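Q: I would like to take a close look at a single part before going on to how the chains meet. Please go slowly, as I am new to reading structures.

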Amino acid sequence: MNKDPHKSLFGDSIHNPSQLNHSLGSDVHEWSDETIEKVVSIRFGGDYNLFIRQLSRDITQKEQDIILLRDFYLRRERQFYKVCASHANLTHLEVDKLLDDIQQKDTVDDVLLDMISVAMKEPLAPTLKREPPTTISSNLAQQPDIEAHSSESERRGWLRGWIQSPNDLRYEWVRSTSSLHSGSRTPKGTEDAPIVPPLELVSMSQPGDSTILDPEELTNTDPYGFITENGSENPKRQPGDGSNFDARSSVSQVVNPIDSSYATLQEVGRRHDDEKQAIEARWNTFCNEVMKLRNERNQEETFVPTFGLKALELKTLDRQISFKEDSYLKRLQSLISKQGIPPGSRSKFWFELSGASNIRVPGEYNRLVELAKMHANDPSLIQSFNQIDLDLHRTMPSNVYFHNSTTSLPGPLHHRLKRILDAFVVLRSDIGYVQGMNKIVGNLLIADKRVTEEDTFWLFVSLIDEILPTYHGESYFSPSSLKHIRNAQTELAQVQFALLMPKLYAHLKQLDVQIEFITMNWWLLVFTDICNLMELWYRVIDNLLVSDKSEDFLKALSLGIFKHYEKKLLSLDNYDDVYVLMNRNATRNIGFRELMEITRELERKIGKMEKDRGKRWE
Amino acid sequence: MELKSYDKYRMSFAPPTTSVKLVLLGEAAVGKSSLVLRFVSNDFQENKEPTIGAAFLTQKCTIGERTIKYEIWDTAGQERFASLAPMYYRNAQAALVVYDITKPASFIKARHWVKELHEQASKDITIALVGNKHDLVEDDNDGDDSSLRKVSIEEGQKLADEEGLLFFETSAKTAYNVNEVFVGIGSKIPEAPLLKPQQPQATDGRIDLSTGTAPAADGCAC
């Protein structure tokens with residue numbers, strides 16, 4: 001598909017020879033305005049001139065193809081006349097007359113239909129039923145993964161997805177996974193896909209690896225795929241089913257390991273269920289209210305592309321409310337900090353709150369994966385690709401999804417991780433691959449294995465572009481941001497820490513602990529390492545997504561972890577014990593709710609400090 | 001906590017403990033963390049997660065009459081994080097510059113690190129140049145073209161001689177020469193290193209400074 005771009009037929013000069021092939025495909029005229037805007041902003045940095053240039057380049061390319069084809073068929077035709085003459089003794093005129101008798105097809109549709117009907121008669125690959133693609137929806141039926149996010153309009157009404165109880169969601173997903181299961185069950189690489197539908201349609205399912213993702217088949221692992229055998233490998237992973245919220249806190253007085261009579265168990269179960277129901281009810285009320293208001297508003301306003309939390313329009317809705325504490329944004333933040341997003345709908349919330357649903361362009365991910373393959377040796381990208389390959393087998397080696405310890409073969413998510421990281425490198429060659437991304441994407445991949453690879457990719461992109469702090473317009477992982485992140489640590493250690501936790505600060509200072517040495521690691525890994533309980537890290541992301549200012553949240557979380565260990569830290573009299581304690585396993589016994597509430601409180605204080613400081617400067 | 005009180009008890013009789021801040025530098029995936037893991041826990045993991053930022057570990061090591069407590073900062077190898085290194089090697093008394101003897105690029109990077117340390121780190125820093133992954137070339141015969149080895153012992157030794165470094169070839173996997181590196185460094189550390197005055201234990205322990213310089217244990221065992 002990719003002809004040498006230098007050999008452009010009409011001398012169309014291509015400005016940057018190393019530029020990747022950005023061909024737009026042949027359905028641009030059918031794109032919605034939004035899609036065009038998105039594509040222009042993502043691929044061309046918002047420059048419509050580049051977009052037009054690309055369109056014209058595509059046309060040139062097609063014309064070139066047509067000329068070559070025409071030439072090819074002209075020769076073939078000549079050959080054909082010769083063959084007719086020598087084998088059937090037919091003259092030119094006779095052949096022409098015979099050909100004219102064959103009915104003329106004068107529209108592309110007729111020709112296509114003709115071709116399709118011919119194709120239909122041919123034997124098909126056993127798993128994929130193919131129907132004439134007269135309407136796209138008929139194809140979608142065979143691509144259930146896409147169904148959930150098929151059209152733009154459907155995604156705009158995203159709240160509907162929340163309100164349908166998690167069971168509905170599950171039904172949708174189960175359908176999608178089961179139909180994949182019924183397909184080929186050979187967990188091979190992605191190469192052996194028998195029929196390749198258009199990019200837009202294959203975009204989400206990577207055949208091959210999606211069939212393996214069935215946690216029930218894996219023994220001795222927790223829901224996230226970490227080996228729990230003997231508890232020695234990962235004692236800190238909590239084997240709970242994730243839907244547990246913080247019911248434990250209220251339940252703990254009841255649970256007594258000795259007196260575990262049936263009645264007690266029932267009581268525990270009942271309380272747990274009650275709490276769960278109460279939480280669900282609160283979420284439902286909230287979502288219903290917001291959706292109602294939004295529906296009213298949507299009718300009168302045109303769609304303006306907005307990202308993440310802003311897309312919720314909570315702030316706009318809040319203007320109609322007089323009591324600040326009751327504001328929708330505050331309510332959402334409070335719901336999330338108390339309970340986290342209900343695990344059953346977490347991925348949907350993430351997708352919306354992060355802005356991933358806004359920046360996702362169908363088919364774009366697959367294009368990027370293909371580009372990554374084609375440009376595997378591109379000098380500007382090769383360093384990143386090499387580093388990814390080095391790190392792939394070092395990503396969560398104790399997790400069965402990434403590394404099968406019995407066979408020593410890569411696990412099913414290994415390949416997804418590679419494709420996502422590779423695609424990211426192509427999309428953002430200015431950032432490239434930074435160690436730590438592997439861990440973040442890895443965590444996102446195991447968060448909800450029903451979420452497609454493509455969606456995980458966009459979630460990751462939006463985390464970096466929209467959610468994590470940016471520094472002078474450069475994203476968190478840009479090379480130039482490193483020094484700003486480092487400065488943020490110094491400021492955190494010397495200003496906010498000192499003001500908000502003076503006693504602990506004085507103690508650590510006296511021990512000669514350099515706080516920024518500890519927090520730097522947390523920040524570079526976006527807390528994946530320190531919050532090594534999956535459920536806790538997901539809580540962190542939940543809260544990050546609704547934070548007013550993500551840098552303040554990260555600061556507050558850093559301080560919150562210190563706060564949580566305050567007593568312990570005050571008892572230490574040696575700085576290396578501090579480093580060891582705050583290294584890696586710190587959050588082992590942390591209560592999620594407690595940490596998140598401390599963090600929220602600190603975040604408020606930090607926000608206020610920043611505001612005051614801003615005022616003083618004025 | 002229990003250990004600490006034991007330490008105090010021990011210190012009044014045993015030789016003084018010197019704290020040494022040691023930093024590891026080198027290209028990604030040359031085996032820095034594995035060397036530390038081998039030294040600290042005598043363990044090896046085939047797939048070790050990459051280090052981001054820097055990891056902190058401590059390990060004691062007895063050399064002759066004295067005990068050295070290494071406070072190890074194991075830094076991230078990816079080029080992207082190189083600008084963070086000064087944070088960690090500031091005030092370090094020792095550094096291990098690690099390369100992979102099967103990867104020539106990592107040796108070039110090691111050269112850069114040595115240069116940077118000489119320019120930026122403390123003047124009296126003790127540096128050891130370490131060529132890791134010796135296990136990969138163990139069975140090689142000399143002059144074998146198919147050898148995985150891409151950096152010869154002579155090249156390593158030459159750089160070490162020019163720059164005044166200790167030199168070792170090691171294998172974190174087989175434990176070959178790993179302890180020797182830390183013993184070698186310890187022997188080169190001056191008796192009264194620049195210690196942070198805030199460290200009460202260290203000053204308590206350092207009473208007798210009369211012990212002679214330990215015999216230099218340089219050169220590799222090969």
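At what angle do helix α2 (residues 48-88) of chain A and helix α3 (residues 92-101) of chain A pack, and how far apart are their axes?

A: In this predicted model, helix α2 of chain A, which covers residues 48-88, packs against helix α3 of chain A, residues 92-101, at an angle of about 110°, and the two axes lie 10 Å apart. Because angles from 65 to 115 degrees count as roughly perpendicular, α2(A) is described as roughly perpendicular to α3(A). On the side of α2(A), the residues that meet the other helix are F80(A), Y81(A) and C84(A), while α3(A) brings H92(A), V95(A), D96(A) and L99(A) to the contact. Sorted by class, the residues of this contact are five nonpolar, one polar and one charged.

Turning from the helix pair to the meeting of the two chains, the contact takes 41 residues from chain A and 31 residues from chain B. The area buried between chain B and chain A is about 3200 Å², and carbon and sulfur atoms give 54% of that area. Two salt bridges are counted between the chains, one of them joining D576(A) to K69(B), whose closest N and O atoms are 2.9 Å apart. There are also nine residue pairs in polar contact between chain B and chain A, with both residues at pLDDT 80 or more. On chain B, the elements that give two or more residues to the side touching chain A are α1 (2-11), β2 (54-63), β3 (66-75) and α3 (85-89), and the largest share, four residues, comes from β2(B). By class, that side of chain B has 13 nonpolar, nine polar and nine charged residues.

Technical notes: Residues are numbered from 1 along each chain as its sequence is written. Chains are lettered from A and ligands numbered from 1 in the order in which they are written. This is a predicted model: local features need pLDDT of at least 70, side-chain atom pairs count only at pLDDT 80 or more; totals for chains, interfaces and linings use all residues. Side-chain values use heavy atoms; hydrogens and water are left out. Axes are lines fitted to C-alpha atoms, for helices over the stretch in contact, and angles run from 0 to 180 degrees between N-to-C directions. Angles under 35 degrees count as roughly parallel, over 145 as roughly antiparallel, 65 to 115 as roughly perpendicular and the rest as oblique. Contact means heavy atoms within 4.5 Å. Ala, Val, Leu, Ile, Met, Phe, Trp, Tyr, Cys and Pro count as nonpolar, Asp, Glu, Lys and Arg as charged, and the others, Gly among them, as polar. Buried area is the accessible area (1.4 Å probe) that two parts lose on being put together, summed over both. A salt bridge is a side-chain nitrogen of Lys or Arg within 4 Å of a carboxyl oxygen of Asp or Glu. A polar contact is a pair of N or O atoms within 3.5 Å; within protein, one must be able to donate a hydrogen and the other to accept it, and residues adjacent in sequence count only if both atoms are side-chain atoms.
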